[in-house]
Amino acid sequence: MSKILIIDDENQIRQLLSRIIALEGYEVIQAADCKSGLKQLELHSPEVILCDVFLPDGNGVDLVSIIKKNSPTSEVILLTAHGNIPDGVQAIKNGAFDYITKGDDNNRIIPLLSKATEKVLLNKQGHNSEKRTGEKYTFDSILGKSRAIKEAIALAQKVASTDVPVLLTGETGTGKEVFAQAIHQNSKRAKKNFVAVNCSSFSKELLESEMFGHKAGSFTGALKDKKGLFEEADNGTIFLDEIGEMAFELQAKLLRILETGEYIKIGETKPTKVNVRIIAATNRNLKTEISENHFREDLFYRLSVFQIHLPPLRDRKEDIPLLTEAFIHNFSKKLSCNIQEIKPDFLNALKQQPWKGNIRELRNTIERSLIVCNGNSLDIEDLPLEIQNNHYEQNDGQTFSDFELAAMEKRHISRVLEYTKGNKTETARLLKIGLTTLYRKIEEYKILS
């Protein structure tokens, strides 16, 4: 959940903005002046700061520079009751994401927050890419004994030593990035950068700038030259996740890199050369996307020189016990658990799930089960209600009554609240429900928190 810091000395405006922004799923922090705003910045590391220009102890335009110095990845949107061009120009020079007028531009606030948080997340992804080069990913770390996963691993091992592009296909959560990392780590490029970017998470403009870089002054906010992720990955590997959702216009630039090893940055005329291995992944049927004119056919054939399909978890259910044990081991230290037994009903219920979210969904389910578990054994009661219900329906045709469901839900929420020490934002995240939904259920069930 992205955090938004509102700095404004007018309490009514802060409260109004907080309610509007919170309803969009953001966590909101408030401050009334520059001093308390910088303190909240230090404590919470918000992705975006909405800041008034005229504050009791300073000017928001000047505060932008201090914020960017203390938290370079955060973005600042300035709010003013009386906009003027010089202030707006100076704000952008100081590093502000945008400068808007209160009242007149209210309908722009939520879209701007969305774009600003996109930029922050993409910047963090690029910033962290170099740190990944020291991590070791081997094919042995890919767990599973099923025939389907063994065949996928064997193909990946064969292609790792080559330099050809690889296309990983499969549903969301099947482990495509883990495969990409293993291929990179077992290639001749292993000592160079592995850079990952999710093409579905960001707008076309942000993705183009971050992937290919830009020249200072090429657009509003481009205060200095910026290296793109392809440059960061030079002589290494770039992983393009959800390639099927890349904007059609950007696909031409990617095709040029595959064909010539060069591209043109935003605002430049001379090409930049790179030597990069491309591993792409998608959960879409790219041939269908091609027939609907959403994906370039020539790009598809360049990317899919070597395809590997990763099986969904429902097609490799014999791997569920092994994966479950691994997740329990990984989370036990973090959650101070000492699980000594996994009851048969617990595993049987897991095997009966369709797992639309695949390995990622299983991982999250195990984490939640460990949180609510009271003893040293995992039983079916420690699983989320929908999994328990599905298990009983398939085994004896019975479902929980409304009363039993409510009672179990109350118990489950109470346990997670106890684990988070009453932190409702973290509780909502672990339960995978909205914060407003959590508050409603706490009131409905009269849960003491």
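## A tour of a predicted fold

At 77% relative accessibility, Lys421 counts as exposed, because the threshold for that label is over 50%. This residue sits in the loop between helix H17 (402–419) and helix H18 (424–431). Lys421 also has a positive phi of about 60°, although it is not a glycine. Bear in mind as you read on that the model is predicted.

A second residue invites a look beside it. Asn235 is likewise not a glycine, and its phi is positive at about 70°. You will find Asn235 in the loop between H9 and S10. With a relative accessibility of 35%, Asn235 counts as partly exposed.

**The whole protein**

Stepping back, the protein contains 19 helices and 16 strands. It has 449 residues, and 50% of them count as buried. Among contacts with a separation of 6 or more, 70% are made by residues 24 or more positions apart. The accessible surface of the protein comes to about 22,100 Å², and carbon and sulfur atoms hold 48% of that area.

**The parallel sheet**

Now to a sheet. In what order do the strands of the open five-stranded sheet run? The order is S2-S1-S3-S6-S7, and the pairing is parallel. At the edges are strand S2 (27–31) and strand S7 (98–101), each of which pairs on one side only. Neighbouring strands of this sheet are turned by 20° against each other on average, direction ignored. As general background, strands of a sheet pair through backbone hydrogen bonds, in either a parallel or an antiparallel way.

One of the pairings can be followed residue by residue. Strand S1 (residues 3–7) and strand S3 (residues 48–52) are joined in the parallel sense over four bridges. Within this region, Ile4 has Val48 in S3 as its bridge partner.

Helices lie across these strands too. Helix H1 (residues 11–22) lies across S1, S2, S3 and strand S6 (75–80), and its direction is at about 170° to S2. Helix H3 (residues 60–70) lies across S1, S3 and S6, and runs at about 170° to S6.

**A buried helix**

Helix H7 (residues 176–185) is worth a stop on the tour. Why is H7 described as largely enclosed by the rest of the structure? Eight of its ten residues are buried, so the helix is largely enclosed. The buried residues are Lys176, Phe179, Ala180, Gln181, Ala182, Ile183, His184 and Gln185. What covers them includes helix H6 (147–160), strand S8 (166–169), S9, S10, strand S13 (277–282) and strand S14 (306–309).

**Aromatic pairs**

The structure holds five aromatic pairs. Two of them are set out here.

| Pair | Geometry | Centre to centre | Angle between planes |
|---|---|---|---|
| Phe194 and Phe239 | stacked | 6.3 Å | 20° |
| Phe230 and Tyr263 | tilted | 6.2 Å | 50° |

The stacked pair of Phe194 and Phe239 links distant parts of the chain. Phe194 belongs to strand S9 and Phe239 to strand S10 (residues 237–241), with their positions 45 residues apart. Both Phe194 and Phe239 are buried.

The tilted pair of Phe230 and Tyr263 also links distant parts of the chain. Phe230 lies in helix H9 (residues 229–232) and Tyr263 in strand S11 (residues 262–263), which puts them 33 residues apart. Is Phe230 buried or exposed? Its relative accessible area is 0%, so Phe230 is buried. Tyr263 has 1% relative accessibility and therefore counts as buried. Ring pairs also bring in Phe212, which forms a cluster with Phe230 and Tyr263.

**A polar contact by strand S9**

The last stop is strand S9 (residues 194–198), where Asn198 has its place. Asn198 has a relative accessible area of 19%, and it counts as buried because the limit is under 20%. Which side chain does the side chain of Asn198 meet in a polar contact of 2.5 Å? The partner is Ser200, whose side chain is joined to that of Asn198 by this contact.

How values were computed:
Residues numbered from 1 in each chain as written. Predicted model: local features only at pLDDT ≥ 70, side-chain atom pairs only at ≥ 80, totals over all residues. Heavy atoms only, no water. Pairing = 2+ DSSP bridges. Helix = DSSP H or I, 4+ residues; strand = E, 2+ residues; numbered from the N terminus. Axes fitted to C-alpha atoms, helices over the stretch in contact; angles between N-to-C directions. Contact = heavy atoms within 4.5 Å. Buried < 20%, exposed > 50% of the residue type's maximum accessible area, 1.4 Å probe, protein only. Polar contact = N/O pair within 3.5 Å; in protein donor to acceptor, adjacent residues only side chain to side chain. Areas by Shrake-Rupley, 256 points an atom, 1.4 Å probe, with all protein chains shown as cover. Phe/Tyr/Trp six-rings, centres within 6.5 Å; stacked < 30°, edge-to-face > 60°.
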